[in-house]
Amino acid sequence: MCGIVGYTGNEAAAPILLDGLSKLEYRGYDSAGIAVFDPESRETAVVRAPGRLLNLVQKTDGGAAVPGNCGIGHTRWATHGEPTEANAHPHHSAGDLVIGAHNGIIENYQELKQKLLRHDYTFYSDTDTEVAVNLVDYYYKKYNIGPIDAIAKAMVRIRGTYALALMFRDYPGEIWVARKDSPLIIGLTDDAALLASDVPAILKYTRTVYYIDNLEMARLTPGHVTFYDLNGDAVEKESTEITWDAEAAEKGGYEHFMLKEIHEQPKAVRDTLGCYIHDNVIDLSATGLTEEFMRSLERLYIIGCGSAYHVGAAGKYIIEDLADIPVETDLASEFRYRNPRFAKNSLMIVISQSGETADTLAALRMAKERGVPVLAVVNVVGSSIARECDYCMYTYAGPEIAVATTKAYSAQLVSIYMLAVRLGRLRGVLDEETYAADIAEMTALPDKMERVLEDKERIQWFASKFANAHDIFFVGRGADYAISLEGSLKMKEISYIHSEAYAAGELKHGTISLVEDGTLVIGVLTQKDLLEKTVSNMTECRARGAYLMGLTSYGNYFVEDSDDFTIYVPKAEEHFIGSLAIIPLQLLGYYTGVARGVDVDKPRNLAKSVTVE
Ligand code: G6P
């Protein structure tokens with residue numbers, strides 16, 4: 001959701017900015033732009049284009065038409081105003097003294113705009129960013145102060161979220177940044193400084209990065225960065241070395257990142273399990289959780305958005321069953337605005353791939369304000385959620401580029417399994433034998449996931465058969481319902497086919513009225529005490545014309561008596577089989593999207609990381 005890049009050094013900036021923006025395309029955007037200072041003409045050229053980045057690449061001749069060694073770039077996901085050229089970033093202040101790009105939302109931009117209008121400022125766009133850029137310009141001129149003091153004054157007045165990259169006409173070759181709640185990293189080489197919303201944009205140039213904190217600013221010059229607090233005092237920061245393999249953020253021969261990431265799931269799960277299971281024992285000490293604390297817990301709240309919420313939905317069934325602790329699961333966007341009655345001795349678990357999702361971060365902060373400790377299950381090291389939580393359980397999925405999550409979801413799911421089993425053993429719900437058997441079952445998952453992936457041609461064939469479907473319903477009960485939710489989300493996200501997941505028992509309370517001749521109903525059938533009930537519900541749909549697909553484990557061959565097409569996954573312990581069942585559904589969504597010609601890695605209107613409300 002909006003991507004920012006910046007470069008100052010000895011090289012031509014524009015091609016580096018365009019390359020960086022291409023690495024941030026996954027975040028979702030609908031227009032793009034760059035601003036580059038040309039030392040020859042002493043002018044800063046701003047070039048912007050609506051639509052795909054390719055339009056901007058063509059307009060700038062791959063960057064060659066915009067000379068200079070210092071610049072900023074932006075991919076915009078429209079919030080204030082349509083995705084037009086006028087609204088695309090970077091924006092300039094009236095008089096061109098300050099040029100800036102911004103990720104986030106300035107909530108009080110109308111009020112600030114009125115103030116600036118009273119001081120004779122004029123505006124050419126609908127954006128909140130133009131207001132922010134002019135506000136900095138206003139303080140800069142009014143008090144005749146340097147960029148840091150002017151930005152700090154603006155930050156005090158701005159309500160909302162921002163990662164802001166600015167260039168001042170009076171400071172050629174320098175980039176100034178400020179951050180509150182929107183992701184931003186700074187990278188350094190010997191002779192250049194870079195900034196970006198995410199690591200893949202700068203990985204080609206450096207692995208040395210700095211995480212800028214909330215309400216901090218920085219000044220970038222070639223090879224140097226200085227950080228400042230809101231008082232304008234310089235602050236010291238340690239750099240972090242990125243350990244990712246640069247290839248991790250490339251397609252590596254696959255047609256799409258999504259397909260590559262689906263295939264990386266056995267590794268993501270193996271790596272995540274391997275981090276917390278040593279010598280057949282689950283060791284969560286790296287998260288900071290102590291045994292005494294875990295034993296004392298009386299209630300858990302699992303919060304997330306999108307697929308992360310679906311992990312929580314599965315977690316409720318699994319943790320309640322294995323650890324005998326009441327679990328409440330909620331969407332972060334709902335949770336943050338209700339008034340939850342936190343029970344004593346409770347723990348909030350927030351789940352997030354990016355660690356930057358605005359609603360999840362807000363829910364985390366609410367819990368902390370109310371004295372409830374927070375465990376984050378998070379993939380991106382150094383992200384806001386990772387830094388603000390009390391306990392951090394990293395997932396080891398590696399960089400995930402496709403908008404629709406797959407491997408991060410799977411890594412989150414096994415993290416919840418480990419938590420459930422560890423809690424269950426500590427609280428005496430699981431005896432030593434069951435505990436050992438559960439660990440063996442979890443450890444066997446990656447190999448079984450590989451076997452599921454081997455069967456992908458059948459799913460590809462089935463996807464092409466239903467590529468013109470209007471509606472698809474996913475049904476299941478218990479943990480199968482949680483998997484249905486995720487399967488349905490994958491389908492609608494990347495195929496644009498209307499799809500819903502229903503608790504199978506709810507079908508008769510309304511949804512069945514939507515079933516007509518040929519409607520595809522997919523049943524997730526892995527829970528032995530529940531699957532026959534779901535099969536009955538599916539049969540009722542068939543009586544109304546539905547085409548039935550069953551997803552079950554080897555051995556449940558009787559399912560074929562009732563459905564039209566059956567997908568099997570290897571047998572596994574019921575609490576953990578969701579990790580296998582989800583893969584055919586991800587593949588189904590993927591191949592359906594491909595058959596319909598959708599840009600599956602960057603589906604319309606969606607963003608990888610939703611950093612605004
Ligand atoms: C977006 C992504 C989803 C993701 C959700 C939560 O909607 O497209 O794939 O599940 O955000 O993101 P998070 O980074 O918090 O896991």
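Leu215 counts as partly exposed in this predicted model, because its relative accessibility comes out at 34%. The residue sits in the loop that runs between β11 and β12, with β11 covering 208–211 and β12 covering 216–221. Its backbone is a bit unusual to look at: phi of Leu215 is near 60°, a positive value in a residue other than glycine. The side chain also has company at the surface, since Leu215 joins Val156 and Leu230 in a nonpolar patch. Taken together, the three residues of that patch offer about 240 Å² of accessible area. A patch takes in residues with over 30% relative accessible area, so Leu215, at 34%, passes that cut-off.

Two other loops carry backbone features that can be picked out in the same way. Asp324 also has a positive phi, about 55°, although it is not a glycine. This residue belongs to the loop between α9 (306–323) and β19 (327–331). Asp324 counts as exposed, because its relative accessibility reaches 54%. The other feature is a cis peptide bond, which runs from His89 to Pro90 and has omega near -5°. Pro90 lies in the loop between β4 (70–76) and β5 (91–92).

On to the domains. The assignment splits the chain into domain 1 (3–243), domain 2 (251–443) and domain 3 (450–598). For domain 2 and domain 3, the C-alpha centres are 25 Å apart. Contacts between these two involve 30 residues of domain 2 and 27 residues of domain 3. Between them, domain 2 and domain 3 bury about 2400 Å², and 66% of that area is on carbon and sulfur atoms. On the domain 2 side, the residues that lose the most area to domain 3 are His310, Tyr317 and Tyr409, which together make up 20% of what that side buries.

What about charge pairing across this interface? The rule finds 1 salt bridge between domain 2 and domain 3. As for Arg270, its side chain meets that of Glu450 in a salt bridge, with 3.5 Å from N to O. Arg270 has a further partner in Asp447, and here the N to O distance is 3.0 Å. Asp447 lies in helix α14 (residues 432–454) and Arg270 in helix α7 (residues 265–276), so this pair ties together parts of the chain that are 177 residues apart in sequence. With a relative accessibility of 36%, Arg270 counts as partly exposed.

The structure as a whole holds 35 salt bridges, and a few more of them deserve a look. Lys344 pairs with Glu298, where the closest N and O atoms are 3.5 Å apart. This is a link between distant parts of the chain, as the two residues are 46 residues apart. Lys344 is in the loop between α10 (332–335) and β20 (346–352), while Glu298 is in the loop between α8 (291–296) and β18 (299–304). The two ends differ in their accessibility class: Lys344 is exposed, with a relative accessible area of 60%, whereas Glu298, at 38%, counts as partly exposed.

Arg425 and Glu432 form another pair, their side chains meeting at 3.0 Å from N to O. Both ends fall into the partly exposed class, Arg425 with 26% relative accessibility and Glu432 with a relative accessible area of 47%. Salt bridges also join up into a network, which links Lys180, Asp181, Arg365 and Glu388.

Finally, a loop residue with little accessible area. Val515 is located in the loop between β24 (498–503) and β25 (520–525). Val515 counts as buried because its relative accessibility is 9%, and buried here means under 20%. Leaving aside neighbours within four places in sequence, the residues in contact with Val515 are Cys541, Arg544 and Ala546. Tyr547 is 32 residues away from Val515 along the chain, and the C-alpha atoms of these two are separated by 9.7 Å.

Methods: Residues numbered from 1 in each chain as written. Predicted model: local features only at pLDDT ≥ 70, side-chain atom pairs only at ≥ 80, totals over all residues. Heavy atoms only, no water. Patch = residues over 30% accessible without salt bridge, like charges linked within 9 Å, V, L, I, M, F, W, Y side chains within 5 Å. Areas by Shrake-Rupley, 256 points an atom, 1.4 Å probe, with all protein chains shown as cover. Salt bridge = Lys/Arg side-chain N within 4 Å of Asp/Glu carboxyl O. Helix = DSSP H or I, 4+ residues; strand = E, 2+ residues; numbered from the N terminus. Buried < 20%, exposed > 50% of the residue type's maximum accessible area, 1.4 Å probe, protein only. Domains from an automatic or database assignment. Contact = heavy atoms within 4.5 Å. Buried area = accessible area lost by both parts, 1.4 Å probe.
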